[in-house]
Amino acid sequence: MAKYNFHLFDIKSQLDKELADFFDEKITIGGTKYNTKKGYQYNQFDTINLIEFVGASKFEKGGKDSEGQDKIYLNNSVFRADVASKQIDIDVSNFVFIPDDDHSHVGCVLARKKFKRWAKDYGLGIQLNDMVEKYPFYGSLVLKKRGKEFDIVPLSQLRNQQDAKDLNTASYVIVEHQMKAWEAQAMPNWNLSGLEYKWDDDFTVYERYARVPMQFFDAEADETESVDTVSFIVYNKVGKKENAHLLFIEQITDRPFKECHWKRRNGRWLGVGEIENNFENQKARNAGFNMRLRSTLWSSKNIFQSADETVAKNLVSEVRDGDVLTVTQAGIVSQINTSNKALADYNATEEIIEKNSDQKSFTYEVATGEQLQSGTPFRLGVLLSNSVESHFGLKREKLVLMFKEFIYDFIFPDFEKELAKEGIEHIAYNDESFDELVKLASEVKKYEFVKKSLMEKGYYPSEQEIQTYEQAFIEKGRFDIQILKNELKNLKYSVDIIVDGESVDINKKIETLTNLYTSMVQRGDPRAEKVLEKIIMLTGEKLPKQSEAPAQNLIGKMDINANIAPQNEQTAI
């Protein structure tokens, strides 16, 4: 390991200061540096920790009340985070390859087929689902490039400058890892020499991104110079002795993070997600419900009163069926009224909390899929639907923009290597752009049929023979395209993530399109077929083609560049 100038800069001591700042210090939001009384105190770790408690439906101060009774956690926050996830859902199928010129259209269709297969092997769909779940839950989503792959950074393991604008400009970003000593031994370029440990010791390793004085690497450097670095520092205990050791450090030009935030709040890095958005409502809901539970418990008890001390103390255990109670003239036994008189108040309070939570999170019936309340005006339902779609559309757009940037910077360089490989693409009748591809393929097969007839039979086939052959090829409903090595390497295209946002009110869209289709058919509008295809797509079905036939085995190979004008080639033959 290279020798560093620890006497000029102690990186381990600096790490300790940064961790203490993250865990123990509170930043002021809303005030000023010189007048903190105007603002409020905030700590990122405490906020994330509370989010974890809410997500698990656990009370921070234990599950017993002051009387030792179990408290019930009535979670109304996780549901709203789940609704938000459903509304912003994106999938591999939403990735669209857009050709930049007329010659790249077919290549883009093939590139998308390759991408779907590659994304499945890469596990991209699973990671997308994980991202969609965490984004509205925590309020921030962080992706980190790792070699040819990427990780979703757990925010519970992230320590960063709390008031940073973003992770790329934060004074420090630290990711905490727990591992065994033997795992650290297997890491390339890590130096464990001089570190006291056993092979199965537990290591806490801090992956730190921060600027370091240039003199740390070169004692002759200007003391004003600094450089961004990534380092790995391990902490472990052997007996009562704690070890701290620099495993690895190198200079970097760019940090490997991409991030997006559900809702930003001035003065802090962490975004506000749906769990934090409902912190106060969740507390009120739990407090009100448990108060109601205790009240219900008391109202279920039968308590009696009497001025006569000779009457039995417990009518259940001391009085039998048929017994006659002897009481004094003033000692009449009467039941104490313990009925719950605040039931209406409890119901009204819960209704207010639920309504406020819906307003905060946009979890109206049109978002959750519930039936609108009876008597709700149609126009109001439409307005709510549009409002919900606009709200979640903005959140989805943030995620899409971040992920598109991440894809271009980190993922697609690896995919383009896969794109350049040779192989055979199987095209079936239910594939995207089948009609266009089969038209191209039939031209090539028609050319081969004419060429074979001229070479083997010595005559040019009739137009009827050509049409019969071409129709037979089309009706097979399947063909293969052979892609040569580097065939798609120079394909001119861009990638977009298209999300229709039609999940809010699909039934209304189907109804509208059905009315449009009926009207167009009556007028004989040729575009009616396209509208019908859209209706079928929204129902999740597929419109069968007239030429649909069972898939066949391999019927031939073709190069995608073999779309040559048959007449010219026939003349040459």
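This section describes the fold, the nonpolar cores, the aromatic pairs and selected residues of a predicted model.

Residues are numbered from 1 along each chain as its sequence is written, and side-chain values use heavy atoms, without hydrogens or water. Because the model is predicted, local features need pLDDT of at least 70 and side-chain atom pairs count only at pLDDT 80 or more, while totals for chains, interfaces and linings use all residues.

The chain holds 17 helices and 16 strands. Both are DSSP runs numbered from the N terminus: helices (H or I) have at least four residues, strands (E) at least two. Of the 573 residues, 40% are buried. Buried means under 20% relative accessible area, exposed means over 50%, and partly exposed lies in between, with a 1.4 Å probe and protein chains only. The chain exposes about 33,300 Å². Carbon and sulfur atoms supply 50% of that area. Accessible areas come from the Shrake-Rupley method with a 1.4 Å probe; for residues, only the protein chains shown count as cover. Among contacts (heavy atoms within 4.5 Å) with a separation of 6 or more, 70% are between residues 24 or more positions apart.

The largest nonpolar core contains 45 residues. Such a core is a set of buried Ala, Val, Leu, Ile, Met, Phe, Trp, Tyr and Cys residues joined through side-chain atoms within 4.5 Å. Phe115, Leu124, Leu399, Phe403 and Ile411 have the most contacts inside this core. At least two core residues come from each of strand E3 (95-99), helix H4 (105-122), helix H5 (124-138), strand E4 (140-146), strand E5 (149-152), helix H12 (378-419) and strand E16 (493-497). H12 gives the largest share, 13 residues. Another core, of 41 residues, lies apart from this one. Tyr42, Ala184, Tyr209 and Ile252 are among its members.

Phe403 also illustrates the surroundings of a single core residue. Leaving aside neighbours within four places in sequence, Phe403 is in contact with Phe95, Leu124, Leu128, Met131, Leu143, Phe150, Ile411 and Ile497. Phe403 belongs to one aromatic cluster with Phe95, Phe115, Trp118, Tyr122, Phe150 and Phe406.

A search of the whole structure finds 26 aromatic pairs. Rings of Phe, Tyr and Trp (its six-membered ring) pair if their centres lie within 6.5 Å; planes under 30 degrees apart count as stacked, over 60 as edge-to-face and the rest as tilted. Phe137 and Tyr138 form an edge-to-face pair, 4.9 Å centre to centre with 65° between the planes. Phe137 is buried, with a relative accessible area of 15%. Tyr138 is also buried, at 13%. Tyr206 and Tyr235 form an edge-to-face pair as well, 5.6 Å centre to centre with 85° between the planes. Tyr206 lies in strand E8 (residues 202-213) and Tyr235 in strand E9 (residues 226-238), so this pair ties together parts 29 residues apart in sequence. Both Tyr206 and Tyr235 are buried.

Phe232 likewise lies in strand E9. Its relative accessibility is 14%, so Phe232 counts as buried. Beyond neighbours within four places in sequence, Phe232 is in contact with Trp190, Val205, Tyr206, Glu207, His245, Leu246, Leu247 and Phe248. The C-alpha atoms of Phe232 and Tyr209 are separated by 9.2 Å, with these positions 23 residues apart along the chain counted as their separation.

Charged side chains were examined next. Arg80 is placed in helix H3 (residues 78-87). Arg80 counts as buried because its relative accessibility is 2%. The side chains of Arg80 and Asp358 are joined by a polar contact of 2.7 Å. A polar contact is a pair of N or O atoms within 3.5 Å; within protein, one must be able to donate a hydrogen and the other to accept it, and residues adjacent in sequence count only if both atoms are side-chain atoms. Outside four places in sequence, Arg80 is in contact with Glu274, Asn278, Glu354, Ser357, Asp358, Ser361 and Thr363. Elsewhere, the charged end of Lys71 sits over the ring of Phe59, 4.3 Å from its centre. This label requires NZ of Lys or CZ of Arg within 6 Å of the ring centre and within 35 degrees of the ring normal.

Two loop residues other than glycine have positive phi. Ser57, with phi of about 55°, is in the loop between helix H2 (44-55) and H3. Ser57 is partly exposed, at 30% relative accessible area. Asn189, with phi near 75°, is in the loop between helix H6 (181-185) and E8. Asn189 counts as exposed, at 63% relative accessibility.
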